[in-house]
Amino acid sequence: MQKPFLVTEQKLAERLVILRDRGLGMLTRIYNIKKACGDTKSKPSFLSEKNLESSIKLVVRKFPNVDIKSLNNIHHIRDEIVKSLSLYYYTFVDLLDFKDHVGELLTTIDACQISLDITVNFEMTKLYLELVTVYVQLMILLSRVEDRKVVLGLFNAAYEMVHNQSDPAFPRLGQMVMDYDPPLKKLSEEFVPHTRTITQALLSLQNVYPRRNLSAEQWRAAQMLSLVSNPSQLLNPAHTDTMPCEYLSLDTMERWIVFGFMLCHSFLSQQHAMDLWTLALNSSWTTVLYRDEIIYTHSYVQTYFESIRGYNKRVNEVKECYNVAITTAAANHRERRIFLRTALKELVLICSDQPGLLGPKALFVFMGLCFSRDEVYWLLRHHENPPPRQGKVKINEDLVDRYLPELLFHMEELRALVRKYSQVIQRYYVQYLSGYDAVALAQMIQSTAMSSEEENVILSSICTQISALTVDNVEDPDYVFDFRAMRLDWCRLQSYLSAGRSPTLMVSQKELAALLNTISFHTQMVDDLDEMIVNTSDLSIFCFYSKIFEDNFQMCLEFPAQNRYIIAFPLICGHFSNITNDLCPEERIHIRERSLSVINLFLDEMAKEAKNIITTICDEQCNLSDRLLAKHCAPIIATVANKKRREKAPKKFEMEKPGSESYRKTREDLTTMDKLHMALTELCFAINYCSTISVWEYTFAPREYLHQHLETRFARALAGMVMYSPETGEIAKPSELLTSVKAYMNVLQTVENYINIDITRVFNNVLLQQTQQSDSNGEATIASRYTQWYSDVLLRRVSAGHIGFSNTMRSFVSITLEGSMQFNAEEFTDPTELRSLAEMLGPYGIKLLNETLMWHIQSQVTELRKLVGINKEILIALRTNFDKPEMMKELFKRLQNVDSVLQRMTIIGVILCFRGLIQDALTELLEERIPFLTSSIRDFHSHGSSPHESSLVAELACAAGYSSRVDPALLNTLRQMPGAKGEVEDEYLASCLLMVFVAVSIPKLAKSDSSMYQPQLEGHTNNIHCLAHAVNQLLGCLFSLGGHDDTEDRLKEFLALASSSLLRLGQEASPQETKNRESVYILLHQIVQASPFLSMDLLESCFPYSLLRNAYHSVHKVVQSHLIPA
């Protein structure tokens, strides 16, 4: 006896779900095969080899009956062919298997006489139509794989060569490929038995599709998506009898209609079917196959209909629809996007202000997202695929939407709101399910008689499950909501109640169906919010329209009115992971790499644009700041002076004074700076919109991109502001550089008003690097450039003459002859400039400068030691016979390189004087900036205890700019000299002899014309007064290293030698020898004044003070004689 055919045993719901998911996986695999075969880089290399070209053509021509005897030239690569093409081949085998299962399931559904109505048994109808559509898409996509015959034929031939038999699936596979080429005819024949079920499902769309496919004017008239159109209903839950249909994709429905009626075209004679068909064809000229693969709907249908006898009328109708589509569709969709931008903005503003409305109005949110997603998909698809025959109609303008970023941004805002307030939505719907839905369902169960026990069990379990829900479940972090089984039960129940033999037909139980569809939606609001967001607003399709994606981003970047919405593009990159399929894991790597590279590009471009705007503002502010410098007031002073003298100016011109740019006649006239600030505000809003963006397993921080760009730009700007030219030796004045840097920093500081970024971190990172020899990129820094300039340019010019060190002015001053080009050394060395330099370089930069100066001193000391070595015997004799004038005179004449010693000592003195200026500037700066710390350093320095501690404190004090009796920096430099580690006694003797050499050589300075003392400068023209610092600091350090602890005694010896030598100078009769004798006497006084080891009492004991008094009187008298006119 035959077993009765029971619907409950067919598991229709489960099979539909499984086959639909498998069909999507097959689509992904076939799609990737098509892309791979169409790209010469990714397809197997042997398919492009010329020596196999004849075999490939033979396979295509003879397919599927290929004789392997005629393919001998592939015999040697048969294993490679099998290995390379196996993935492709077995994908087609899986497709054949999928085809069999679909055919079996559709036949079973027909046998069960299932009635499908999208408004009643929504899930069943949706799964059925999706499965049919996926199947059709697969077969059409299969026919578009260009190398399908080559792949199958070559694989089978190679397989047969290896295994001596053909692959078992190949005959049916070959036949399938031949049958579905072209696919529509075979598909139509195949679906003839299923026509009733398909058309019934399609015709049920007449209650949904027309009211979804409305114009923007109709949406406005109906106040679609508006929460405030009826204030009295604001708190009432949004509800319809067809809840799931409200957020069903319009794009999906159009695909169902187009492919469905292509298969069942005979039903187009019915008016309802024709209305749906026409409306779908009028809406667009393309239909999606998969991702970015499309068909031109009208031409595809027209070609098929033209092959059917008697379908001329249908062909003409398709042509008319095409004309309507290219004439009106683009404009209609443009207006819809305009409406949706406003509607979504309103939704975002209201829901942000009152998140509690997300509960009752969740349906509106998902409808808005779905509508917007459909419009974005439509625009992408049609922009990339303009109509093949436009005629006189120009629609390209409507296919480029400059305001698309705004729509995308509002979609992202809504998505973020739903995620942020997911608990609010969950709480609302948990209470709704247990407090209303469960009660309503219990009452309906009592009034409805089910035909089987299983149906009653399903309904009772649904009612029990939702009745048990409480708000405590939401607040419990360990509780996980999962209603997937319940929704599958509802889908099973739909299959049972939709069967033709069921006594309780679903069509007669519309109220029950509506309630259960509503409950299904409510459960999704509790446990499936993320999936709902993906289903209604996923924009991962942008992954496959990369050019449009990047073009729209660039367009948005260049359009200030849309700048604030540009963050939508990086956020969309986070969607790309949603488009992957478990049945095609190999594509995940490519999609992942694509999404990561695109978001990195977008965030980098956004940060770069913001950086460029900030740089432009900074440059303008630097110019304005520069105009406030004192040097620019000279023309104004000259103009005023000329007016007082009543002199005519050479040219009549009105000089624009600083500040004039701030006067405005009207706020409506925007200046360039206004526009830049507005653009920066908009762009910073976008960058600041979210702190992080998650893409795959990576997290991107938009602000960090801007931070890095600002750091790099600030560093380059600082390098540019220095304006150092090694060729000409020119560099910016430190005070002017500091003014520009402060102006630049002030602008950067205001960036914090626009965006939540730590600009202090930028300053710390960049400015600290600028105090080092090179920055993190290996580029020269402010410290290295100024160190190079002061040591290699300024001090060399001082050594060359015409620049003197002035104790009065505490700077180097130019002493230039009349008519020569003047270089004002005081513009770079006066206290103001050096204070500015110290402020920019800080202690680290000053330390670098000091190290360079010490290196120069070290090189001079090395040369001095060589000169002492040459004159060693004579110097020893001079030291032991200092009380024998005649012998001293004779010995002195035998000394070699006396001028060189004096010159090198003067150079050392100049360097030490300059270092003193730098140290004073640093001390002044630090005492102002960190007074408490510097007072502590001074205190430690003044009360040093042990020698070791004293040396450490001295180094600390030196870093803060304070001087010590023995300079620790110079001491360390001399200690590290190559010869300093030899015999200590030899080094000590050399130091003593150097002291003697300098002391006995000082009188020779009187012969030089440039040794004239300048009272107004408190120095000599040739800088010999710097010898005072050289003698005290250099000899002090050398004797400290000697280990005899007799620094003071040795300097007393120096004073004795120098004073006796100078006193002998008074006995010289030659005027040439005593030309500037008084100036040299003053030098001896200066040496004692600058010494921490010598005193005036000691000087008076060996050199009469009357000589010093007369010397000062003499040099002052000479200067006065030059100042008083004859």
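This section describes the cavities, strand pairs, nonpolar cores and unusual backbone sites of a predicted model.

Residues are numbered from 1 along each chain as its sequence is written, and side-chain values use heavy atoms, with hydrogens and water left out. As the model is predicted, local features need pLDDT of at least 70 and side-chain atom pairs count only at pLDDT 80 or more, whereas totals for chains, interfaces and linings use all residues.

Seven cavities of 30 Å³ or more are found in the structure, a cavity being a set of points, on a 1 Å grid over the protein atoms alone, where a 1.4 Å probe fits but cannot get out, with lining residues having an atom within 4 Å of a point. The volume of the largest is about 80 Å³, a volume being the space filled by probe spheres set on the grid points, which are joined across faces, edges and corners. Its lining consists of Asp251, Glu254, Arg255, Val258, Ala280, Ser284, Thr286, Thr287, Val288, Thr297 and Arg381. Two or more of these residues come from each of helix H12 (250-263) and strand S1 (286-290), and H12 gives the largest share, four residues; helices (H or I, at least four residues) and strands (E, at least two) are DSSP runs numbered from the N terminus. By class, the lining has three nonpolar, four polar and four charged residues, where Ala, Val, Leu, Ile, Met, Phe, Trp, Tyr, Cys and Pro count as nonpolar, Asp, Glu, Lys and Arg as charged, and the others, Gly among them, as polar.

The second largest cavity, with a volume of about 60 Å³, is lined by Leu250, Asp251, Glu254, His333, Asp374, Glu375, Tyr377, Trp378 and Arg381. At least two residues of this lining are supplied by H12, and likewise by helix H16 (362-384), with H16 giving the most, five residues. Charged residues number five in this lining, beside three nonpolar and one polar.

Strand S1, which contributes to the lining of the largest cavity, has five of its five residues buried and is therefore largely enclosed by the rest of the structure; buried means under 20% relative accessible area, exposed over 50%, and partly exposed in between (1.4 Å probe, protein chains only). S1 runs antiparallel to strand S2 (residues 293-296), to which four bridges join it, two strands being paired if DSSP finds at least two bridges between them. Val288 has Ile294 of S2 as its bridge partner, and in the hairpin, with two residues between the strands, Arg291 takes a positive phi near 55°. A second hairpin is formed by strands S5 and S6, with four residues between them and a positive phi of about 55° at Arg810 in the turn. S5 (residues 803-806) and S6 are antiparallel and share four bridges, and Ser806 is partnered by Ser811 in S6. Along S6 (residues 811-814), Ser811 and Val813 point one way and Phe812 and Ser814 the other, and all are buried.

The largest nonpolar core (buried Ala, Val, Leu, Ile, Met, Phe, Trp, Tyr and Cys residues joined through side-chain atoms within 4.5 Å) holds 372 residues, of which Leu154, Trp277, Leu441, Tyr790, Met905, Phe914 and Phe1054 touch the most other members. Helix H37 (residues 898-929) supplies the largest share of this core, 17 residues. Another core, of eight residues, lies apart from it and includes Tyr322, Ile326, Ile395 and Leu399.

Within helix H12 lies Met262, which is buried at a relative accessible area of 0%. Beyond its neighbours within four places in sequence, Met262 contacts (heavy atoms within 4.5 Å) Leu184, Ser188, Trp277, Ile295, Tyr300, Val301 and Tyr304. Between Met262 and Tyr304 the C-alpha to C-alpha distance is 8.8 Å, at a separation of 42 residues in sequence.

Most residues other than glycine have a negative phi, and most peptide bonds are trans. Cis peptide bonds, with omega about 0°, join Phe63 to Pro64 and Asp181 to Pro182; Pro64 lies in the loop between helix H2 (53-62) and helix H3 (78-111), and Pro182 in that between helix H6 (170-179) and helix H7 (183-190). Gln113, not a glycine, has a positive phi of about 55° and is partly exposed, with a relative accessible area of 42%. Asn897, in the loop between helix H36 (885-894) and H37, has a positive phi of about 60° and is also partly exposed, at 37% relative accessibility.

Key
1 Å grid on protein atoms, 1.4 Å probe; cavity = no way out; pocket = protein on both sides within 12 Å on 5 of 7 lines; lining within 4 Å.
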